[in-house]
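Grab a coffee and open the viewer: here are a few exercises to work through with the structure in front of you. Try each task before you read its solution.

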Amino acid sequence: MINIKPIELLLLSMLLISSLLTITAKADEQRPNILFLLTDDMAYWATGYQNSEFLTPQIDELAQQGVTFSNHYNTTSICMASRATIMTGLLEYRTGTNFMHGSMQSDIFETSYPILLKKAGYLTGFVGKFGFETPPLNPEKLPADYQNLPVDKFDFWAGGKGQLDYTTANNYYLKQYAKRYPHVTQANGAAAIDFIREAHKQNKPFNLSVSFKAPHAPVRPDPQFSSLFEGREYSKPANYWRDKGKHLALQAKLGRQYLTEDGFGFAPDTFNQRMADYNQQIYGVDVVLGRLRAELDKLGMTDNTVIIFTADNGYQNGNYGFSRKVLPYEESVKVPLIIYDPRPNKMQAGSQTEALTANTDFVPTILELAGIKPDKHLDGVSLLEVLRHPSQTVHQFVPLLNVWGSAPTHYLGVVTPKWKYIYWPYAEGISESEELFDLSQNMPEMRNLVRNKNYVTPLHTLHNLYDLQVKNWQHDAIHVNGYVNYATIFDRNIAWKQKKSYFESSFIHDYQQYFKQYQQDPEEFEKTFGITLPKPMEDPSN
C-alpha cells in the first residue's frame, strides 16, 4: 500500500484540478464561437452577389468565402413569428407566437438556442431587435417596458423593445453608444464589438445574436452613407406592379400588402428612390459586418468563429403590386443565407447549395456546432453536412404559413425544390383558391398551373404533402393563442360553411378596415386596384 502524505495529497489534488481546467479550456477552444447576424425585411435578391445594382461588399465577400444557400425559406414571413421559429427550431403553430396571437411561453423559450448554449458553458449575448416577448427571470429589476423581455437570461444584453428605434438614444440598452453612433445600426455594431472583446477577455466560447432592425420601415437610412447612393438607378423586376398579378389568388390581394395605393413607396413614381433607401439601409448592416470581422481578426478569433448571416423574412418591392412581406411568393418568403465556418475541412468555401432549407434549421445547426445533441422534437435539421457536401438534400418539402392580419390572406402551403403549392381557405363572398407554381421556370410565379391538365401528377403529389402538413398541425399545434383552430381552417376537405366560425373577430376586423374605400366608391376602388368584388360586398363577419 502506498502511503501518501497530506502535503503530497494536496499537491496531487492541485495537479488534477489543473489538468481538468486545462482539458476544459482545450474543450472550449475546440468549440467554435457562433456569430448569428439577422436582418429584418431583407429579400433574397437584395445583395450584390444576387443583384449587381446592390452595394453590399462585405456580404458579398462573406458569400465568396462561405457557403451560400439559394433556396432558403422562412416558414412564416413576418418578423415576430419568424424570430420565434429561428430561436426555437419550432414552426409557428408550435411556438404559439405572433402578432394578433400572443407572446411566447417561458417553457418554450427555455428550449431556445441561447438558453441551451448558456447552460453548455457559452458566453451568450443579444444585440438589437428581439422581436417577441417572453418572461425574464426578475422582471421587477428591469426598466419600464423591458419587463416582458429576457434581458437577464443572457450574459450580455443590448436589445431593444418592440420594433427597436433607429435613433440610438431612444433605446435604453443602446443609448450609451448614441453620441458616436446616432443611427442604431452602427450602435448595434459597437455593442457587438464590446461583447466580443469581453468574450476574448474571459477566454470563453461565445454565442452572439445581432438582430438588426434594418432595412425594416420606417425608411431611415443612415445619412453618413447618402453620398454612395445619390444617382443610383434600380431596374424594375419583370413581375413588377399590378398588371403582372392578375392570375394570382384574390385572397392575396385583400390585405395591406396590396391595398396600399402607393405600394408602400414602390409605386412607379417613387420606385427608384425607395430602392436606393432600401439598399442604403442594408449597406449600414454591411458596414457592421465588416467592423465585426475586423475585430475578430484583431483579436485572433477569426479562425474559430462561425458566422451565420440571414434575414427573418423577405420583402416585396412592388412585384405583382405587392409591398412588405407575409404572402407566400418568392420575394416575401425566400431570404439570403450564408454560413461561414473557417475551421479546417468544415465547408467547401465559395460554394453554393440549392438544397431546400428553412428557418427551423438554425437551432439544430447551432447546437451541433456547440457539440450539443439536438432534441428529436425540432422541426428542422442541422445544415453542417451541407457545408461539406453542398449537393446534399435537406428537406423533401418545407411548409409556408400565415395566420396573421387580414383574414383572407391566411394560407398554408408547401414548397419543394421544384414546386410550390398554396391553399387559401377564406371563402366568404369569394371562392377558396389554390395555386401551383413550377419553381424551375425563369419566372416561376407568372403562371398558376393548378387548373392545367398537364400538371395533374405534380398537383396530386403536392396535395399529399399538403395534407400531411395539415395532419402535423393537428397533432403538434400548441393549445394557446388560437392555433388549434387552423388545423380545421386549412383542411381542404372541410367546407367553408363548417369552418368560417373558426376565424377570430380580430382577423375579420383587420380585413374590413381595408375596404372602407371600396364601400365609399366601388368603381374607383376597382379601377385603382384592379379587383372586382361581389356586389354588394358581403360582410365577412356574418
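**Exercise 1. The largest cavity**

How much space lies in the largest cavity? Work out, too, what lines this cavity.

Solution. Keep in mind that you're looking at a predicted model.

- Step 1: Start with the count, which comes to two cavities of 30 Å³ or more.
- Step 2: The largest cavity holds about 90 Å³ of space.
- Step 3: Now look at its walls. The lining is made up of 13 residues, and L38, M87, Y113, F126 and S211 lie nearest the centre.
- Step 4: Ask which elements supply that lining. Strand 1 (33–39), helix 3 (79–88), strand 3 (123–129) and strand 5 (206–211) are the ones that give two or more residues.
- Step 5: Sort the lining of the largest cavity by class, and you get nine nonpolar, two polar and two charged residues.

**Exercise 2. Strand 13 and its partners**

Find the strands that pair with strand 13, and decide whether the residues of strand 13 are buried or exposed.

Solution.

- Step 1: Take strand 12 (residues 411–415) to begin with. Strand 12 runs antiparallel to strand 13, and four bridges join the two.
- Step 2: Check how the chain gets from one to the other: a hairpin of three residues links strand 12 to strand 13.
- Step 3: Pick out one bridge as an example. G413 has I422 of strand 13 as its bridge partner.
- Step 4: Move on to strand 14 (residues 433–438). Strand 14 pairs with strand 13 over six bridges, again in the antiparallel sense, and here Y423 is matched with E434.
- Step 5: Look at burial, where the cut-off is under 20% relative accessible area. In strand 13 (residues 419–424), six of six residues are buried.
- Step 6: Split the side chains by direction. W419, Y421 and Y423 point one way, K420, I422 and W424 point the other way, and all of them are buried.

**Exercise 3. Unusual backbone in the loop after strand 5**

Which peptide bonds are cis around P215 and P218, and what is the phi of F264?

Solution.

- Step 1: Recall the background: most residues other than glycine have a negative phi, and most peptide bonds are trans.
- Step 2: The bond joining A214 and P215 is cis, with omega about 0 degrees.
- Step 3: The bond joining A217 and P218 is cis as well, with omega about 5 degrees.
- Step 4: Place these prolines. P215 sits in the loop between strand 5 and helix 8 (271–298), and P218 is in that loop too.
- Step 5: Stay in the loop between strand 5 and helix 8 for F264. Its phi is positive, about 55 degrees, although F264 is not a glycine.
- Step 6: F264 counts as partly exposed because its relative accessibility is 26%.

**Exercise 4. Y320 and the end of helix 7**

Where is Y320, and what phi does N203 take?

Solution.

- Step 1: Y320 lies in the loop between strand 7 (316–317) and strand 8 (323–324).
- Step 2: Y320 is not a glycine, yet its phi is positive at about 60 degrees.
- Step 3: With a relative accessibility of 2%, Y320 counts as buried.
- Step 4: Turn to helix 7 (residues 184–202), which has 19 residues. From first C-alpha to last, helix 7 reaches 27 Å, close to the expected 27 Å.
- Step 5: Just after helix 7 comes N203, with a positive phi of about 55 degrees.

Note on methods: Residues are numbered from 1 along each chain as its sequence is written. This is a predicted model: local features need pLDDT of at least 70, side-chain atom pairs count only at pLDDT 80 or more; totals for chains, interfaces and linings use all residues. Side-chain values use heavy atoms; hydrogens and water are left out. On a 1 Å grid over the protein atoms alone, a cavity is a set of points where a 1.4 Å probe fits but cannot get out, and a pocket is an open set with protein on both sides within 12 Å along at least five of seven lines; lining residues have an atom within 4 Å of a point. Grid points are joined across faces, edges and corners, and a volume is the space filled by probe spheres set on the points. Ala, Val, Leu, Ile, Met, Phe, Trp, Tyr, Cys and Pro count as nonpolar, Asp, Glu, Lys and Arg as charged, and the others, Gly among them, as polar. Buried means under 20% relative accessible area, exposed over 50%, partly exposed in between (1.4 Å probe, protein chains only). Two strands pair if DSSP finds at least two bridges between them. The expected span of a helix is 1.5 Å times one less than its number of residues.
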